[in-house]
Amino acid sequence: MFNKKNLSALIQKSIYNNFKLKKHLPLAVIASGSLFLAACGQSDDEKFASTNPDKYGFTPASEYTTELNQSVLEELPFENKQDFTDANRGFIATLPEFVVKYTDGTTIMDLSAYDFINGQAPNSVNPSLWRQAKLNNINGLFKVTEGIYQIRGFDLANMTIIEGKSGWIIVDPLTTSETAKKALDFVNKELGYRPVSTIVFTHSHMDHFGGVNGLLEAAGNDVADIEVVAPGGFMEEATNENIIAGPAMSKRASYMYGNLLPRSERGHVDAGLGKAVPFGTFSILEPTLTVSSNETQIIDGVEFEFQIVSGTEAPSEFTFYLPAMKAYCGAEMVSKTMHNLYTLRGAHVRDAVLWSKSIDEAIEEQKEADIYFGSHHWPVWGQDNINEFLVTQRDTYQYIHDQSVRMMNAGLTPKEIAEEIEMPPKLANTFSSRGYYGTVKHNAKAIYQAYLGWYDANPVNLDPLPEYESAAKYVKLMGGSEAVIINAQAAYDKGEYRWSAELLNHLVFADADNKAAKELLASSYDQLGYQAESAPWRDVYLSAAYELRHGAADKVIDLASMKVIMLETPVDKFFESMAARLIGPEAFGEEFTLNINFTDLDKNYVLKLDNAVLRHELAPKDKTADATLNISHELFIDLVIGVAGVSEVLLSDDLSIEGSKLGLVNFFSLLDQPEGVFNIVTP
């Protein structure tokens with residue numbers, strides 16, 4: 001029987017439920033082009049795993065993996081210690097213990113979990129990645145030059161602190177309120193308290209603005225006195241992306257950032273850009289000054305020369321030069337790693353040519369710079385060193401683009417291009433252009449995708465059988481399960497892990513209960529993970545092995561942490577999400593018109609269902625609508641994230657329903673409830 005309690009429960013469960021993401025799993029953030037933020041809190045079990053890596057079932061490094069990893073030591077110039085010198089330069093202090101917890105007691109960041117990263121690389125970690133992990137372990141407060149300081153290693157990103165005339169100018173206030181507050185408290189303790197005069201968001205990714213409320217709490221001064229500077233389009237991009245595909249991106253990001261993995265020699269060791277992505281309370285502030293073109297601004301007495309680089313690493317981004325300090329902030333356009341043209345969590349392909357041209361523009365405009373500092377990693381000092389760093393970054397993206405297009409036009413497929421492309425020796429032997437985050441292989445495939453899409457022109461790939469169906473046929477053709485395992489074991493024993501994984505993937509999709517196949521496939525992924533130079537690749541392989549052994553996780557996030565962000569998200573984006581969750585076949589023949597009237601915004605949206613398509617428009621109330629939901633914006637968000645309980649909603653003056661209540665219940669029942677909880681390496 002229908003009652004108002006049932007209706008509210010349905011609304012709470014249905015409206016924009018694609019934000020119900022997994023607890024302890026990376027959050028596919030509402031930040032354009034972002035890395036899909038991850039919740040990397042460690043449980044007690046995960047800490048135990050740091051000293052007992054076999055607890056999670058990971059196999060030891062094989063002789064082939066050991067040999068391959070040892071060969072890396074001979075291929076790259078490990079004798080060059082300049083990065084270690086630079087990463088330690090200007091060190092002031094660090095916290096003896098850096099542990100940050102969320103309100104529910106979950107650990108957001110515990111740097112002691114990475115204490116095992118010292119000395120020579122173990123056989124289970126690519127030595128080049130181990131080197132990057134050691135560099136990213138160097139944390140604390142650093143003096144970059146007179147008037148510029150950085151907090152590094154307390155979060156995935158850096159927080160930069162610039163001395164303004166009246167207070168601190170804070171550049172990129174980290175990912176979460178918890179880490180940002182702890183960071184600024186530490187800055188004020190070491191350097192002496194100053195109010196925050198200005199906050200600068202270099203770009204629209206959560207790890208560069210999400211901690212702003214914690215920053216304000218630590219600052220102690222009135223937010224009305226703070227100028228907030230951001231590139232054009234910041235608010236739209238920072239709140240829009242991943243709303244539609246959030247659940248899928250969330251799950252994929254959980255692989256990319258290795259959330260379920262122990263911090264250990266056989267687990268997660270680094271994220272490439274930094275140690276890990278923290279998960280806590282996210283926030284945002286609307287800019288008071290928007291920079292939309294290359295221009296100069298005086299900000300709290302400091303001259304900033306801005307360069308717009310939107311469309312490179314982020315769709316809304318700028319870099320800047322401080323002429324008084326001869327210091328250039330490259331934001332995330334350049335980092336001490338090759339970046340992603342395509343991120344493994346899933347996102348639009350980034351423009352490699354624009355990226356390269358933007359770096360080239362920076363080279364021309366920053367010739368007087370004596371210091372480079374960025375949103376990740378450590379600075380570079382000296383004009384010649386900065387120029388070499390920028391040139392190498394510029395040419396890395398251009399080379400991958402040009403060679404991928406050349407081979408594409410010669411008829412090579414994405415897989416063939418990825419296998420054939422070879423970087424020039426100078427670029428290949430420069431650590432800052434190595435693939436600790438992005439890789440040559442998946443970036444080359446991204447170039448192909450950007451120009452030609454998913455279809456490689458071979459008609460066999462035009463309408464192939466779904467994987468679960470073709471897998472069964474392959475296994476039968478190969479002589480059955482036992483024959484596949486025998487052949488896969490032979491490949492594994494010869495160190496051919498890519499081939500053993502390919503064979504076993506067919507068998508697992510044909511027979512998901514075959515424990516021998518799953519364990520051997522997991523072992524193959526172990527070895528591929530141990531060999532990977534890219535931190536995301538390592539985490540993807542080892543997360544796949546984890547899922548094969550332990551199953552997919554089924555926890556969801558406390559969405560209260562997202563409330564501030566969601567309140568700033570354009571309301572129409574929620575309705576776009578609802579349209580993408582309509583269960584088409586169940587909506588065949590259904591027609592329904594609904595007013596959702598935001599009483600405090602003085603805005604009404606008319607939703608119309610017809611032809612199994614849900615459309616919306618900002619318009620006056622439709623007097624012929626089947627139902628009207630009158631609700632305040634904040635209560636709507638509270639319903640979305642589950643902050644408001646059913647009884648609270650029913651008693652609230654901010655909710656009323658007109659028209660067909662039964663029709664409204666039926667309408668919400670047509671919406672899918674994606675939570676990002678699904679298998680990847682099993683059917």
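Five cavities of 30 Å³ or more are present in the structure, which is a predicted model. The largest cavity holds about 110 Å³ of space. It is lined by 15 residues, and those closest to its centre are Asn-136, Arg-152, Gly-153, Asn-158 and His-377. By character, the lining of this cavity consists of six nonpolar, six polar and three charged residues.

The chain as a whole has 683 residues, of which 58% are buried. Its secondary structure comprises 24 helices and 21 strands. When contacts between residues at least 6 apart in sequence are considered, 76% of them join residues at least 24 apart. The exposed area of the chain is about 26500 Å², and 50% of this area is supplied by carbon and sulfur atoms.

Asn-136, one of the residues closest to the centre of the largest cavity, is also a buried residue of helix α5. This helix spans residues 127–137, and ten of its eleven residues are buried, so the rest of the structure largely encloses it. The buried set is made up of Pro-127, Ser-128, Leu-129, Trp-130, Arg-131, Gln-132, Ala-133, Leu-135, Asn-136 and Asn-137. Among the elements that cover these residues are α3 (63–75), α4 (82–88) and α19 (535–550). At the start of α5, the backbone nitrogen of Ser-128 has a side-chain oxygen of Asn-126 within 2.8 Å.

Helix α19 also serves as a packing partner for the buried residues of α9. Helix α9 covers residues 246–256 and is mostly covered, with nine of its eleven residues buried. These are Gly-246, Pro-247, Met-249, Ser-250, Lys-251, Ala-253, Ser-254, Tyr-255 and Met-256. After α9 comes Gly-258, which has a positive phi near 60°.

A further helix, α11, runs over residues 383–409 and contains Thr-396. The relative accessible area of Thr-396 is 1%; a residue is counted as buried under 20%, so Thr-396 falls in the buried class. Two polar contacts of its side chain were examined. A polar atom of the Thr-396 side chain lies 2.7 Å from the backbone oxygen of Thr-392. The other contact, of 3.0 Å, is between the side chains of Thr-396 and Ser-433. The positions 392 and 396 both appear in the first of these contacts. In an α-helix there are 3.6 residues a turn, so residues three or four places apart point the same way. Once neighbours within four places in sequence are left aside, the residues in contact with Thr-396 are Met-338, Met-423, Leu-427 and Ser-433. Ser-433 thus appears in this list and in the side-chain polar contact with Thr-396.

Backbone angles were also considered. Most residues other than glycine have a negative phi. Ala-331 is not a glycine, yet its phi is positive, at about 50°. Its position is in the loop between β14 (327–329) and α10 (352–365), and Ala-331 is buried, with a relative accessible area of 0%. A positive phi is also found at Ala-612, again a residue other than glycine, with a value near 60°. Ala-612 belongs to the loop between β18 (603–610) and β19 (613–618).

Technical notes: Residues numbered from 1 in each chain as written. Predicted model: local features only at pLDDT ≥ 70, side-chain atom pairs only at ≥ 80, totals over all residues. Heavy atoms only, no water. Helix = DSSP H or I, 4+ residues; strand = E, 2+ residues; numbered from the N terminus. Buried < 20%, exposed > 50% of the residue type's maximum accessible area, 1.4 Å probe, protein only. Contact = heavy atoms within 4.5 Å. Areas by Shrake-Rupley, 256 points an atom, 1.4 Å probe, with all protein chains shown as cover. Polar contact = N/O pair within 3.5 Å; in protein donor to acceptor, adjacent residues only side chain to side chain. 1 Å grid on protein atoms, 1.4 Å probe; cavity = no way out; pocket = protein on both sides within 12 Å on 5 of 7 lines; lining within 4 Å. Points joined across faces, edges and corners; volume = space filled by probe spheres on them. Nonpolar A, V, L, I, M, F, W, Y, C, P; charged D, E, K, R; others polar.
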